[in-house]
Amino acid sequence: MSAQAIPATAPTSAHEPFSVLLVDDDAALRAAVAAEIQHASATEVLQAADAPSALHLFKRHRPDLVLLDICLPGGKDGYWIAQRMREAEPGEWTPIIFLSGLDGDVDLWRGIEAGGDDYLVKPFKPIVLAAKLRAMRRLRDMRRRLVQLTEELHQANRRLNEMVEVDALTGLVNRRGFDRILHGEILAARREGTPLTLMLCDLDHFKRYNDTLGHVQGDECLKAVSRLLREVCVRPRDVAARYGGEEFALILPNTPRSGAMTFARALGSLLKARTIVHPGSPQGQVLTLSGGITTCVPDASTRAEGMLMRADEALYAAKAQGRDRFFSFEMQMDTIEQRQH
Ligand SMILES: Nc1nc2c(ncn2[C@@H]2O[C@H](COP(=O)(O)OP(=O)(O)OP(=O)(O)O)[C@@H](O)[C@H]2O)c(=O)[nH]1
């Protein structure tokens with residue numbers, strides 16, 4: 001690389017405000033350093049002569065840099081102030097440069113230990129102060145950029161996570177999202193002591209639909225059913241998912257058995273009202289669906305797999321009994337029990 005390709009100084013965002021908190025009990029020295037800081041293009045210089053006012057200004061104005069004298073009146077020194085400042089900004093990091101007449105190695109070590117980033121021994125040359133200010137400003141800019149990039153990364157991750165949980169054809173939650181949500185709703189219902197309903201819905205004779213009208217029309221049909229499912233899931237926590245090819249799953253929190261049955265009947269009627277023509281169907285040549293329902297107030301032993309098995313069993317029964325109907329696993333069980341007694 002040629003020497004000309006290397007910039008003499010890395011750019012800083014000179015147009016952005018840069019505020020400095022200067023803490024020193026020597027008023028004359030403070031005035032002189034403040035003038036130098038301003039000359040070095042800081043936009044604002046806040047000044048404090050003791051610990052309480054330094055901490056007050058720090059918390060109130062959140063400066064971009066702190067220049068901190070070590071020996072101060074009132075029993076609280078610069079090390080103490082630096083530690084309080086660090087405590088006051090968890091997760092943040094405002095650069096602190098100690099200004100001191102103490103020039104021993106141990107003094108420098110204590111300053112860095114107390115949370116300082118650099119150490120300037122008084123008296124210092126203006127050009128040295130200007131250079132340190134420039135370096136700290138550059139660090140501030142890089143840190144800001146890093147924070148911004150981290151936020152952008154988080155947002156991209158959130159979008160990506162949403163995308164991997166969406167079914168490409170229907171726009172409904174896919175199996176992966178369904179698994180996650182069902183697991184969460186089981187835990188929530190257990191915590192709240194409320195009934196949770198899971199409904200598996202399967203289009204009737206859909207193979208014939210594809211066979212008679214073609215796969216493209218089949219896809220359109222799946223999209224239309226998905227739109228309907230989205231419409232019926234009116235409560236914020238209701239979820240409609242594409243569980244498999246022509247199978248859909250509904251998660252209905254806070255929905256008891258009776259409510260689930262009412263919901264299912266309404267869904268069946270609404271689908272019929274749409275009169276999606278299904279020439280090969282024995283159910284009146286319109287598209288219908290069958291459903292299996294399970295409802296429980298989850299306890300420690302409730303698992304998503306168990307709920308799915310129960311809903312699937314009820315769905316199988318609904319298909320076996322002639323389709324175009326919904327069965328509740330628990331209601332079936334009650335009926336069987338009643339018959340036995
Ligand atoms: N067009 C289309 N068809 C699909 C898709 N996913 C699954 N299928 C079809 O859905 C049909 C399901 O057929 P089956 O499992 O035999 O069930 P069915 O014909 O609906 O019969 P029953 O469920 O017993 O009423 C198959 O023909 C699959 O090809 C899809 O994404 N698009």
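Two residues count as in contact here if their C-beta atoms, placed from the backbone, lie within 7 Å. The model on screen is predicted.

**Stop 1: the sheet and helix H10**

Select helix H10, residues 304–320. Helix H10 lies across strands E6, E9 and E10, and its direction runs at about 145 degrees to that of E9.

Now show the strands below it. They belong to an open sheet of five strands, in the order E7-E8-E6-E9-E10, with mixed pairing. Strand E7 (239–242) and strand E10 stand at the edges with a single partner strand each, so one side of each has no neighbour in the sheet. On average, neighbouring strands of this sheet are turned by 20 degrees against each other, direction ignored.

Helix H6 also packs on this sheet; select residues 175–192. Helix H6 touches E6, E7 and E8, and makes about 25 degrees with the direction of E8.

**Stop 2: strand by strand**

Start at the E10 edge. Strands E9 and E10 pair in the parallel sense over three bridges. To see where they meet, select Ile 293, which stands opposite Ser 328 in E10.

Move on to strands E6 and E8. These run antiparallel and are joined by seven bridges. Pick Leu 200 and look across to its bridge partner in E8, Ala 249.

Strand E7 is on the other edge. Strands E7 and E8 are antiparallel too, with four bridges between them, and they form a hairpin with four residues in between. Here the pair to select is Ala 240 and Leu 250, the latter in E8 and opposite the former.

How much of E8 is buried? Six of its seven residues are, so far as the C-beta count goes, with a threshold of 20 or more other C-beta atoms within 10 Å.

**Stop 3: helix H9**

Select residues 257–273, which form helix H9. At 1.5 Å a residue, its 17 residues should span 24 Å, and the end C-alpha atoms are indeed 24 Å apart.

Colour Ala 260, Phe 263, Ala 264, Leu 267 and Leu 271: these residues of H9 are buried. Looking down the axis of H9, the buried residues fall within an arc of 100 degrees, so they line one face of the helix. The general background is that an α-helix has 3.6 residues a turn, so residues three or four places apart point the same way.

What covers the buried residues of H9? The cover includes strands E6 (196–203), E8 (247–253), E9 (289–296) and E10 (326–328), together with helix H8 (215–232).

Rotate to the face of H9 turned away from its buried side. The exposed residues there are Ser 258, Thr 262, Arg 265, Ala 266, Ser 269 and Ala 273. Take Ala 273 as an example: it has 9 C-beta neighbours inside 10 Å and therefore counts as exposed. A distance to draw from this residue is the one to Val 286, 13 residues apart from Ala 273 along the chain, with 9.4 Å between the two C-alpha atoms.

After H9 comes Thr 275, with a positive phi near 40 degrees.

**Stop 4: backbone details in loops**

Two arginines are worth labelling for their phi angles. Arg 62 is not a glycine, yet its phi is positive, at about 45 degrees. Arg 62 sits in the loop between helix H2 (51–61) and strand E3 (65–69). Because it has 13 C-beta neighbours inside 10 Å, Arg 62 counts as partly exposed.

Arg 323 likewise is not a glycine and has a positive phi, of about 70 degrees. Select the loop between H10 and E10 to find Arg 323. With 17 other C-beta atoms within 10 Å, Arg 323 is partly exposed.

For a cis peptide bond, go to the step from Lys 122 to Pro 123, where omega is near -5 degrees. Pro 123 is in the loop between strand E5 (118–121) and helix H5 (126–164).

**Stop 5: residues 132–166**

Finish by selecting residues 132–166, for which UniProt lists "coiled-coil region" in an unreviewed entry. Over these residues the model is 94% helix and 0% strand. The end C-alpha atoms of the stretch are 51 Å apart.

Terms used:
Residues numbered from 1 in each chain as written. Predicted model: local features only at pLDDT ≥ 70, side-chain atom pairs only at ≥ 80, totals over all residues. Expected span 1.5 Å × (residues − 1). Buried ≥ 20, exposed ≤ 12 C-beta atoms within 10 Å, placed from the backbone. Arc of directions from axis to C-beta. Pairing = 2+ DSSP bridges. Axes fitted to C-alpha atoms, helices over the stretch in contact; angles between N-to-C directions. UniProt positions renumbered as here; feature names shortened; annotations may be inferred.
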